[in-house]
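Trainee: I should like to learn how the features of a protein model are read. May we work through one together?

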Amino acid sequence: MLRVAVMVSGGGTNLQAIIDAVESGRITNTELTAVISNNKNAYALERAKKAGIRDILVSPKDYADREAFNKALIDTVDALHVDLIVLAGYLVVIPPEMIDKYENKIINIHPSLIPSFCGTGFYGLKVHEAALERGVKVAGATVHFVDKGTDTGPILLQKAVVVEEGDTPKILQQRVMEQAEWILLPQAIDMIANDKVVLVDGKVVIRK
């Protein structure tokens, strides 16, 4: 049974997709152990409560400095004894020590086809604004393992989404969520839970 902690900063639509997929059986061999947020007002914490999942707040505002916050975050995760950490719209930089400790056990969803529109400064609506400004015809989402770079870890899954005439950043964001993010993230968790993913020389190999 894969023990999973989901880390979220906002509304938690990707979290909801994961909860729904576990309940419907699209994600198997998985236990959602906890939802961790840095934001006390994150609706994701309410989603966790409603689903009977432990909700945990670890906010930088409650600590004297970033070092103290990082330690508290790592201690919190360690105490959960999880096998996988899922970043589902978590807008805090993961401490390097945590990335070392949980090497190849942290995945992230990014709302573009990496390596396009990724890296520092590209998150949320900003990704879709940049994509439309550039005039791309295809957008999408990527699930990748987390390393010490920003959106630079090994790519696990990608899905393309067509950009349509008259799209605004918000309309495109919603379509990418519905047609890519909410599909890919549950799929990635299920694959990991069922030993279908191995990393070889920094690249993902998917077992059939």
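Mentor: The turns below go through the sheet, its central strand pairings, the cores and some loop residues. Please keep in mind that this is a predicted model.

Trainee: Let us begin with the sheet. In what order do the strands of the open sheet lie?

Mentor: One reads a sheet by following its strands from one side to the other. Here 7 strands form an open sheet in the order E3-E2-E1-E4-E5-E6-E7, and the pairing is mixed. Strand E3 (54-57) and E7 each have a single partner strand and stand at the edges, so one side of each is left without a neighbour in the sheet. On average, neighbouring strands are turned by 20 degrees against each other, direction ignored.

Trainee: Which strands does helix H1 lie across?

Mentor: Helix H1 (residues 13-24) lies across strand E1 (2-8), strand E2 (30-37), strand E4 (84-87) and E5. The helix runs at about 160 degrees to E2.

Trainee: I see that E5 lies between two partners in that order. In which sense does E5 pair with E4, and in which sense with E6?

Mentor: E4 and E5 pair in the parallel sense, over 3 bridges. Strand E5 (residues 106-110) and strand E6 (residues 138-145), by contrast, pair in the antiparallel sense over 4 bridges. Ile107 illustrates both pairings: Val86 stands opposite Ile107 in E5, and the bridge partner of Ile107 in E6 is Phe145.

Trainee: Why is E5 described as largely enclosed?

Mentor: The general idea comes first: in a regular strand the side chains alternate between the two faces of the sheet. One therefore examines each face in turn, counting a residue as buried when its relative accessible area is under 20%. In E5, Ile106, Asn108 and His110 on one side and Ile107 and Ile109 on the other are all buried, which leaves both faces covered. With 5 of its 5 residues buried, E5 is largely enclosed by the rest of the structure.

Trainee: Asn108 is a residue of E5. What does Asn108 contact?

Mentor: Asn108 counts as buried, at 11% relative accessibility. Beyond its neighbours within four places in sequence, Asn108 is in contact with Leu87, Thr142, Val143, His144, Val146 and Asp151.

Trainee: Which residues of the largest nonpolar core touch the most other members?

Mentor: That core has 39 residues, and those touching the most other members are Val6, Val86, Ile107, Val143, Leu156 and Ile189. H6 gives the most to this core, with 10 residues. Apart from it lies another core, of 23 residues, including Ala72, Val77, Leu87 and Tyr90. As for Val86, its contacts outside the four nearest places in sequence include Val6, Ile18, Ile107, Leu185 and Ile189.

Trainee: Let us turn to the loops. Where does Asp167 lie, and is Asp167 buried or exposed?

Mentor: Asp167 lies in the loop between strand E7 (155-162) and helix H6 (169-193). With a relative accessible area of 14%, Asp167 is buried. Its side chain reaches the backbone nitrogen of Glu164 at 2.9 Å. Setting aside neighbours within four places in sequence, Asp167 is also in contact with Leu132, Leu172 and Arg175.

Trainee: How should one read unusual backbone angles?

Mentor: Most residues other than glycine have a negative phi, and most peptide bonds are trans. One then looks for exceptions. The peptide bond from Ile114 to Pro115 is cis, with omega near 15 degrees, and Pro115 lies in the loop between E5 and H5. Phe117 is placed in the loop between E5 and H5 and has a positive phi, near 50 degrees. His81, in the loop between helix H3 (66-80) and E4, has a positive phi near 55 degrees. At 60% relative accessibility, His81 counts as exposed.

Trainee: How many aromatic pairs are found in the whole structure?

Mentor: The search finds 2 aromatic pairs. In one of them, the rings of Phe117 and Phe122 have their centres 6.3 Å apart and their planes at 65 degrees, so the pair is edge-to-face. Phe122 is partly exposed, with a relative accessible area of 30%.

Trainee: Finally, how many residues lie between the strands in the hairpin of E8 and E9?

Mentor: There are 2 residues between these strands, and Asp201 takes a positive phi near 55 degrees in this hairpin. Strand E8 (residues 197-200) and strand E9 (residues 203-206) run antiparallel and are joined by 4 bridges. Leu199 stands opposite Val204 in E9.

Notes. Residues numbered from 1 in each chain as written. Predicted model: local features only at pLDDT ≥ 70, side-chain atom pairs only at ≥ 80, totals over all residues. Heavy atoms only, no water. Buried < 20%, exposed > 50% of the residue type's maximum accessible area, 1.4 Å probe, protein only. Polar contact = N/O pair within 3.5 Å; in protein donor to acceptor, adjacent residues only side chain to side chain. Contact = heavy atoms within 4.5 Å. Pairing = 2+ DSSP bridges. Axes fitted to C-alpha atoms, helices over the stretch in contact; angles between N-to-C directions. Core = buried A, V, L, I, M, F, W, Y, C linked by side-chain atoms within 4.5 Å. Phe/Tyr/Trp six-rings, centres within 6.5 Å; stacked < 30°, edge-to-face > 60°.
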